[in-house]
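Good morning, and thank you for making time for this presentation. I should like to take you through one structure, beginning with how two of its helices meet and ending with its ligand.

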Amino acid sequence: MSQGYQTQDDQEKIFLVYVHPDESEDACAEAELEGLVEAAGGLVAGSARQRIKKRLRATYVGSGKVEEIKEAMAETGADSVVFDCELAGVQLKNLEELLEKRVFDRTQLILDIFASRAKTREGQLQVELAQQTYRLPRLMSVYTKFERQRGGIGMRGPGETKLEADRRMVKDRISKLTAEIEHVKKHRDLQRASRRNNPHSTVAIIGYTSAGKSTLMNTITGSELLADAMPFATLDPTTRKVDLEDGFSFFLVDTVGFIRKLPTQLVAAFRATLEETVHADVLLHLIDISSPDWEAQRDAVNETLSELAAQDMPCVSVFNKMDAAPPGLSDQLTREFEDSCAISALHGDGIDEMIQLMRSKLTGKYKMLIALVPYDKTQLVESAYDYGRVIKKDYRGEGIYLEAELAPEMYGKLEAFACARED
Ligand SMILES: Nc1nc2c(ncn2[C@@H]2O[C@H](COP(=O)(O)OP(=O)(O)OP(=O)(O)O)[C@@H](O)[C@H]2O)c(=O)[nH]1
Ligand SMILES: [Mg+2]
């Protein structure tokens, strides 16, 4: 549990309602929702399951089910109820009236976790944008309920004007946030461009939340980022430079965790952050094979990658937590899947092989250059060692003869001096 100071007594008791159309998603979806509730500091009071074939406009689930949920909530002493879906404003309002408890949906739960975790200005802006975007179409229902509860002189009948004013306020706030995020994004683009001028490759660690991304980052770089079993421990992408013993260097980026059906508002708001992923040269997709749901989790990550149009990027599948996985599974998977390896980020096993595989993916992008570089550009020849592999270097009267495999950016800088291969 994240909030160590809370006792069981003051934790909010939350009742969970699962609404999947078929059984195939149950295990993954249910474990995930429980994890999210815990990450938000709540206590699971109980749960109900409804196979939803057709959502009802008024209450999402049928009236019989609403009654059943109400009874179960009374029995378990639940304070509130979360539905594992996205509810419309009118559904939230009706369900709250019928159940006489606070009702929220999966998106609100995730937004709540993000809001309490966001540390940097960028993270906070992104979460607020997602929250305001979620709020806008639901404003009316919030107000009708609010007004009815408070009542009293000066509070009666909000009327269209107040509602409209509130909508306008939220819209203004959304435009302001969007502009600020755009500003942050420009800064980020500049940073990325300056990294490009200094063309080490960028490797992004991606994966389902709690797959072990921050742990891997810590193991490789010796940093001390927060690594925790709770979902969404990492919200802000962190970049570190890694210098290997043989002189090869690259940037490693730790990213926000993905989950099943990441709410669209969050994908939109976190686009700037997630774009860090898209601009990487290679992805390390971490898959926690100690989880029985690893396949569904892997698919969820791939779906989000598609949304970002990043599904065809060079990618290594890294089966993590092999120390805690069923015996034999990691061997079987690495045999079955191309460009894959198995590691234990926690204990450091398999990391060297993973780096080799990652480098081979990078060198696939390298270009062969044969050049005669003038002596006033000696510095460029020296940098070639950092950004690729130098095969031959020879000091000649006319300049430095160079044969090397280079990252595209470095190739670009030396291309002007290309010459024919000597025999
Ligand atoms: N047994 C085992 N546990 C691991 C391994 N790698 C990570 N863990 C544990 O898994 C939990 C989650 O690790 P994190 O590194 O925070 O995961 P993450 O992918 O960064 O998670 P988010 O930032 O929330 O997306 C922690 O409790 C780690 O100690 C591993 O190789 N073996
Ligand atoms: Mg993390």
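Let me first fix a term: two residues are in contact if their C-beta atoms, placed from the backbone, lie within 7 Å. Please also bear in mind that this is a predicted model.

With that term in hand, consider helix 1, residues 26-39, and helix 4, residues 106-117. Which residues in helix 1 and helix 4 meet? From helix 1 they are L33, L36, V37 and A39, and on the side of helix 4 they are R106, L109, I110 and I113. By class, this contact holds seven nonpolar residues, one charged residue and no polar ones.

As for geometry, the two helices pack at an angle of about 40°, and their axes are 9 Å apart. Angles under 35 degrees would count as roughly parallel, and 65 to 115 as roughly perpendicular; helix 1 and helix 4 are therefore oblique to each other. The crossing of helix 1 past helix 4 is left-handed.

Let me now turn to the chain as a whole. Its secondary structure comprises 15 helices and 13 strands. Of its 423 residues, 37% are buried. Among contacts with a separation of 6 or more, 67% join residues 24 or more positions apart.

Finally, the ligand. Around ligand 1 there are 23 residues, of which G212, S214, T215, T234 and G257 come nearest. Helix 8, residues 213-221, supplies the largest share of this shell, namely three residues. By class, the shell contains 10 polar, nine nonpolar and four charged residues.

Terms used:
Residues are numbered from 1 along each chain as its sequence is written. Chains are lettered from A and ligands numbered from 1 in the order in which they are written. This is a predicted model: local features need pLDDT of at least 70, side-chain atom pairs count only at pLDDT 80 or more; totals for chains, interfaces and linings use all residues. A residue is near a molecule or strand if its C-beta atom, placed from the backbone, lies within 6 Å of it. Helices (H or I, at least four residues) and strands (E, at least two) are DSSP runs, numbered from the N terminus. Ala, Val, Leu, Ile, Met, Phe, Trp, Tyr, Cys and Pro count as nonpolar, Asp, Glu, Lys and Arg as charged, and the others, Gly among them, as polar. A residue is buried if 20 or more other C-beta atoms lie within 10 Å of its own, exposed if 12 or fewer, and partly exposed in between; C-beta atoms are placed from the backbone. Axes are lines fitted to C-alpha atoms, for helices over the stretch in contact, and angles run from 0 to 180 degrees between N-to-C directions. Angles under 35 degrees count as roughly parallel, over 145 as roughly antiparallel, 65 to 115 as roughly perpendicular and the rest as oblique. A crossing is left-handed if the near helix is turned anticlockwise from the far one by less than a right angle, and right-handed if clockwise.
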